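Trainee: I would like to learn how to read pockets and surface patches in a model. Please take me through one.

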Amino acid sequence: MKNSNTSTHAAALDALESRIAYRIAARLSQRTDTLDGDVAERLRFAREQALERAKAARAAQSRPVVAVSAGGAAVLGRGGWWLKLGSALPILALAAGLFLIQHLHTQAQIEAAAQIDVELLADDLPPEAYNDAGFVEFLKNPQD
């Protein structure tokens, strides 16, 4: 609601400015008949330049600057090295995070395997006992 009121107010203000500008332009045009040719020509030229500048200013305000990156993505604003850095940082952070996760996962697997090896080697049973089918059955049966 508040946004639509603001845009309505801005549109009314623009319409009012346009009406005032047209009235001023009409009054100035009426008075050019009494000026001499050289002054009238200079005023006409200055008016055309002012209109061109006003059109360019309106066009720049109404449309945001859209650039196309090398990858083909549309980007708002001007390019530059900040854009490249801003685009590369999330990718670098993602790659670093994935590398860290992989490293931590590998370390956890190595530590788990080392713990099992330590327990097997420190046990009273020889490692060959774990390959015996009877020993597996012995482990499955509850001990009294």
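**Surface and pocket**

Mentor: The protein exposes about 13000 Å², and carbon and sulfur atoms supply 63% of that area (Shrake-Rupley method, 1.4 Å probe; for residues, only the protein chains shown count as cover). This is a predicted model, in which local features need pLDDT of at least 70 and side-chain atom pairs count only at pLDDT 80 or more, while totals for chains, interfaces and linings use all residues. Residues are numbered from 1 along each chain as its sequence is written, and side-chain values use heavy atoms, without hydrogens and water.

Trainee: What share of the residues in the protein is buried?

Mentor: Buried residues (under 20% relative accessible area; exposed is over 50%, partly exposed in between) make up 2% of the 144 residues.

Trainee: In what order do the elements run?

Mentor: From the N terminus, the order is α-α-β-β-α-α, with helices (DSSP H or I, at least four residues) and strands (E, at least two) taken as runs.

Trainee: How is empty space found, and what is the volume of the largest pocket?

Mentor: Rolling a probe the size of a water molecule over the atoms shows where empty space is left. The largest pocket has a volume of about 470 Å³. A pocket is an open set of points on a 1 Å grid, with protein on both sides within 12 Å along at least five of seven lines; lining residues have an atom within 4 Å of a point.

Trainee: Which helices supply its lining?

Mentor: α1 and α2 (37–62) each supply at least two lining residues, among them Asp14, Tyr22, Arg47 and Arg58 in the lining as a whole.

Trainee: Is Leu13 buried, partly exposed or exposed?

Mentor: Leu13, in helix α1 (residues 2–31), counts as partly exposed because its relative accessibility is 41%.

Definitions and conventions:
Buried < 20%, exposed > 50% of the residue type's maximum accessible area, 1.4 Å probe, protein only. 1 Å grid on protein atoms, 1.4 Å probe; cavity = no way out; pocket = protein on both sides within 12 Å on 5 of 7 lines; lining within 4 Å. Points joined across faces, edges and corners; volume = space filled by probe spheres on them.
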